[in-house]
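Open the model in your viewer and keep the selection tool at hand. The tour moves from one selection to the next and says what is found at each stop.

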Amino acid sequence: PQVAGTRFEVLKVLYKNETDEYEREDERNASRCFYNSNGRSKSRNYDDDAFMPESFEKLVTIVIYEFEEFENNLFETVGSILQFFPSIKVLIVHHGNPYPPLRFKSPNVKLVNTDGSIITPYQTLLAEKYISTQFVLIVPDGLILDDRYKFFSLFWTLQNGQKIAKEVQISAITDDYFGKEDCLSILPNVREWTISFSKDKAIISGDYLLCDAAIESVAMLLKREVLFNFTVPLARPYPIGIYIQAAVRRMKIVINKKIAFTKSKSLFNDLHKRQKHEKIFEERRKAMFWRFKVKKIVSADGEVEWLGCSKFTSRCFGTVIDDTPSYLYDGLWTPPCCLSNIFRSRALRETAVYVFNILNQFKIRYWLEGGSLLGAARNGQIIPWDYDVDIGIHQEDIVKVSSKKFDTLNALHTGKEVSITDKQLYVWEKAREGKFYRVQFSQQNHMHVDLFPFYEKNGMMTKDTWFSTHKQDVAFPVHFIRPLDTIWFLGMKVSAPNNYAKFLELKFGEGVIENPQYPNPK
């Protein structure tokens with residue numbers, strides 16, 4: 001047994017050495033096929049029997065879905081692939097039937113319309129129905145394949161990338177020679193509706209770069225199960241839709257920096273078509289971010305782009321029921337464009353500051369209430385999952401102030417008006433839910449501040465409307481607001497109850513400032 005065991009170990013070593021040599025020879029063949037003496041790409045003819053393109057055809061389905069129907073290079077791209085892999089399945093996926101029509105001679109090229117008519121069976125609209133291979137190779141419009149080994153290399157690149165990092169699930173080749181400066185890192189913060197891009201974080205290992213995204217146009221190879229585990233497998237625009245979904249799942253992309261595919265002629269040289277393409281691309285990009293619930297995009301150079309939450313867009317969520325906005329059920333916090341102090345993207349913050357200034361100007365006594373006071377006590381900001389700002393006011397001041405050229409609240413209080421839009425387009429209205437007032441960012445955007453009128457009764461401050469879903473909605477001793485104190489909130493000093501820590505413990509319970517309770521509606 002000992003001798004037999006020794007022989008077995010020797011055979012294992014010999015087999016491993018032989019296998020390693022085969023792998024090294026494959027890599028040498030690949031290297032020879034891609035480079036000449038100057039390190040530039042070149043093409044060579046190869047013996048089909050030696051390199052077995054049939055195996056590749058059985059493993060891979062080609063998918064092309066990012067193109068414009070009014071101008072494209074699909075015939076050149078598909079033709080260049082079929083000359084090396086005549087039996088490979090190619091799917092052209094489009095939302096609707098392209099016009100003018102696309103007609104390919106090869107029976108292996110199939111057009112998949114994901115937006116059929118009312119008589120179209122649902123299953124025929126699904127691209128995954130037509131993909132039975134283990135791998136999918138997504139190809140950009142305009143790729144020209146001049147050497148089959150460029151596609152073969154994607155397998156070796158994926159295998160070697162997974163040896164470098166287990167997070168690698170996608171391999172790619174670009175349309176130009178690739179360097180670290182072409183790599184992007186993506187930091188998604190799903191809970192805060194934010195995507196951030198950065199540079200200089202690529203992992204380099206020999207000829208391979210591990211990235212979250214590439215600046216260049218790419219063809220990517222990934223397993224079918226990986227692709228269809230994405231929320232939107234064929235998200236447009238490509239490839240950014242794939243990059244973001246992979247980053248959310250903590251996947252990496254590996255790129256061989258010395259291999260590049262050839263591009264066909266440039267598109268959209270005509271000014272009208274270029275403008276049309278740019279318009280459609282931007283519409284798709286914004287639709288993609290809306291689908292992914294992204295409101296804040298931080299570019300690699302630090303510029304911030306906001307989507308939504310302006311004076312003229314509706315807010316990101318509907319009517320709040322049981323004090324729980326719908327986004328909390330999705331594990332999200334209040335959209336950052338509602339809370340940020342960035343110009344043009346601060347609906348709730350801007351509305352609150354505006355109301356504070358009005359109250360201060362006309363000497364209406366007020367104080368922060370509820371969760372708004374809690375956020376101020378913690379860090380001077382709105383709680384990340386809150387959706388409004390709550391302010392208590394003295395009811396008797398509403399009547400007093402009407403003689404000081406600000407009769408908005410009194411008009412609402414007496415029923416003379418039910419809604420008033422002021423010169424700055426803020427909407428003041430009497431709330432439908434009870435006897436209090438609401439100030440909305442605009443007619444379109446309903447991010448708002450609530451003003452609750454309190455009055456004194458038997459040494460307690462009380463009001464006429466109470467909410468059973470707000471456990472903090474209780475009367476309190478009048479000494480908390482005699483005198484009023486101040487606290488920093490949203491970058492300014494605002495009125496608050498004196499001894500606000502005790503006030504909050506009365507409302508919420510002991511230790512509420514130091515021990516945040518994160519929302520968990522489920």
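Two strands are said to pair if DSSP finds at least two bridges between them. Helices (H or I, at least four residues) and strands (E, at least two) are themselves DSSP runs, numbered from the N terminus. This is a predicted model, in which local features need pLDDT of at least 70 and side-chain atom pairs count only at pLDDT 80 or more, while totals for chains, interfaces and linings use all residues. Residues are numbered from 1 along each chain as its sequence is written, and side-chain values use heavy atoms, with hydrogens and water left out.

**Stop 1: strand β22 and its partners**

Select residues 448–457, which make up strand β22. Of its 10 residues, 7 are buried, so the strand is largely enclosed by the rest of the structure. Buried here means under 20% relative accessible area, exposed means over 50%, and partly exposed lies in between (1.4 Å probe, protein chains only).

Add residues 388–394, strand β18, which pairs with β22 in the parallel sense over 7 bridges. To find the register, look at D388, which stands opposite H448 in β22.

Next add residues 437–440, strand β21. This strand runs antiparallel to β22, and 4 bridges join the two. Here V439 is placed opposite V449 of β22.

Which strand forms a hairpin with β22? Select β23, residues 460–462, joined to β22 by 3 bridges and running antiparallel to it. M461 in β23 is the bridge partner of E456. The hairpin of β22 and β23 has 2 residues between the strands, and N458 in the turn has a positive phi of about 55 degrees.

**Stop 2: N160**

Go to helix α5, residues 148–164, and pick out N160. Is this residue buried or exposed? N160 is buried, with a relative accessible area of 12%. Now select N256 as well: the two residues are 96 apart along the chain, and their C-alpha atoms are separated by 9.9 Å.

**Stop 3: salt bridges**

A salt bridge is counted when a side-chain nitrogen of Lys or Arg lies within 4 Å of a carboxyl oxygen of Asp or Glu. How many are there in the whole structure? A search finds 17.

Start in helix α8, residues 271–291, with K279 and E283. These two form a salt bridge whose closest N and O atoms are 2.7 Å apart. Because they are 4 residues apart in the helix, about one helical turn separates them. K279 is exposed, at 55% relative accessible area, and E283 is partly exposed, at 44%.

Stay in the helix and select R285, then E305: this salt bridge has its closest N and O atoms 2.5 Å apart. The pair links distant parts of the chain, since R285 sits in helix α8 and E305 in strand β16 (residues 304–306), 20 residues apart. R285 counts as buried at 15% relative accessibility, whereas E305 counts as partly exposed at 25%.

Then select E433 and R438, whose side chains meet in a salt bridge of 3.2 Å, N to O. E433 is partly exposed, with a relative accessible area of 45%, and R438 counts as buried at 12%.

For the last selection, take E66, E68, R236 and R284 together: salt bridges that share partners join them into one network.
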